[in-house]
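Please open the structure in your viewer and keep the sequence panel beside it, since this tour moves from one selection to the next.

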Amino acid sequence: RCMALGISATGMYMSSSIISIRENKATSYGVGFFGSASSSSTVYIDNNTITSTTTSAISMSMTVNSGCFVALIRNRLSGSSSGNGISWTGASYNCSLLVSQNTAVGDYYHSGNVQGPTAFLNLSGNVFSPLPGSTSIFTLSNLRDGARLCVDDSNRFLGGKAFSVTLPLTKATTVPETVRVYLSLLSSVIGSFTFSGVPNAVANNYSGSVIAIRSTAIGGAVAISLTYANGVIVLLRDSPISGSLSFTATSAQNVYFICE
C-alpha cells in the first residue's frame with residue numbers, strides 16, 4: 001500500500017525467492033523488473049495502480065528460469081506514448097506466466113523468449129486499449145521449443161490496432177518443437193490479424209492448436225500461415241473483415257479452416 005513515482009526490482013533471485021508488489025500506486029515511472037530469477041522463484045504484481053509518463057506501465061526485462069511462476073494480475077495500467085501497457089522483453093525458460101484481469105491503456109508487447117516444453121503463457125480476463133499514436137494492441141514474437149500459449153475469449157482487445165503472433169525462424173532439427181496455441185478472440189475490435197512463422201522444418205508443429213476469431217471487427221487484413229502443421233483448427237465466424245483474408249498451409253496435414 002505504498003505510493004511512489006516508480007517501483008523496480010533488480011538483481012539475481014535464486015532458490016525459491018519471492019518478489020511481491022501488491023496494492024501499490026506508481027504515479028510516473030511504472031514498475032520494472034531487471035536481472036534474473038530461477039529455481040522455482042515467484043513474482044507477483046497484483047492489484048496495483050501503475051502509471052508511466054515515460055515508458056511502459058510494466059516492464060518485464062527479467063530473465064526467469066527453471067519452473068518460476070510470474071503473475072501480473074488485477075492491475076490498472078497506463079503507459080506512455082513511447083512505451084506499452086505491458087512490455088515483456090525478458091526471456092523465460094520452462095516457466096508459467098500468467099497475465100490476468102488487468103485493465104490497460106496501452107498494448108501488450110512480448111518479444112522475450114517463451115521457451116521450453118513446460119513453458120506456458122496464459123492471458124485471461126484482460127482489457128487492452130491503445131495509447132494515442134499506437135499501431136498495435138498485441139504482439140508476440142518468440143514462442144518456441146514446445147511452449148504453449150493460451151489467449152482465451154475472456155480478453156478484450158479494443159481500438160482497432162494490429163494483433164500479431166509471429167513465431168521465430170529457427171534451425172531445422174530432428175526434434176519437433178510442437179508449439180501449441182489456443183488463441184480465441186471474441187467481441188474485440190482490432191485493425192489486422194497476423195499469425196505466421198516456421199518453428200521447425202519438421203512435422204507436427206502446432207499439433208492440437210486452435211485459432212478462433214468470433215464476433216470481432218477487423219479493420220484490416222487477416223493473414224494466417226501454418227507450416228509443417230498437423231491437427232490444427234482455424235475458425236473465423238461472424239467477424240467483418242475490411243481487408244483481405246489469406247490462409248496458407250504448407251506441408252501441413254489434418255488442418256481445418258472454417259470461415260462462416
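Begin by selecting Ile73 together with Ser100, which is the bridge partner of Ile73 in strand β12. Bear in mind as you look that this is a predicted model. Now widen the selection to residues 69-73, which make up strand β8, and to residues 96-100, which make up strand β12, and you will have a parallel pair joined over 5 bridges. Strands of a sheet pair through backbone hydrogen bonds, in either a parallel or an antiparallel sense.

Next, add residues 120-124, which are strand β16, because β12 also pairs with this strand, again in the parallel sense and over 5 bridges. Within this pairing, pick out Val99, whose bridge partner in β16 is Leu123.

Which order do the strands of the open sheet follow? Colouring them in turn gives β2-β4-β8-β12-β16-β20-β23-β25-β28-β30, a sheet of 10 strands with parallel pairing. The edge strands, each of which pairs on one side only, are β2 at residues 18-22 and β30 at residues 253-259. From one strand to the next, the twist averages 5°.

Go now to the edge strand β2, which runs parallel to strand β4 (residues 42-46) and is joined to β4 by 5 bridges. Here Ile19 has Val43 as its bridge partner in β4.

Finally, travel to the other edge and select Ile258, which is found in strand β30. Is Ile258 buried, partly exposed or exposed? Its relative accessibility is 34%, so Ile258 counts as partly exposed. Add Ile233 and Tyr256 to the selection, and you will see the nonpolar surface patch that these residues form with Ile258, with about 270 Å² of accessible area together.

Terms used:
Residues are numbered from 1 along each chain as its sequence is written. This is a predicted model: local features need pLDDT of at least 70, side-chain atom pairs count only at pLDDT 80 or more; totals for chains, interfaces and linings use all residues. Side-chain values use heavy atoms; hydrogens and water are left out. Two strands pair if DSSP finds at least two bridges between them. Helices (H or I, at least four residues) and strands (E, at least two) are DSSP runs, numbered from the N terminus. Axes are lines fitted to C-alpha atoms, for helices over the stretch in contact, and angles run from 0 to 180 degrees between N-to-C directions. Patches are made of residues with over 30% relative accessible area and no salt bridge: like charges are joined within 9 Å, nonpolar side chains (Val, Leu, Ile, Met, Phe, Trp, Tyr) within 5 Å. Accessible areas come from the Shrake-Rupley method with a 1.4 Å probe; for residues, only the protein chains shown count as cover. A salt bridge is a side-chain nitrogen of Lys or Arg within 4 Å of a carboxyl oxygen of Asp or Glu. Buried means under 20% relative accessible area, exposed over 50%, partly exposed in between (1.4 Å probe, protein chains only).
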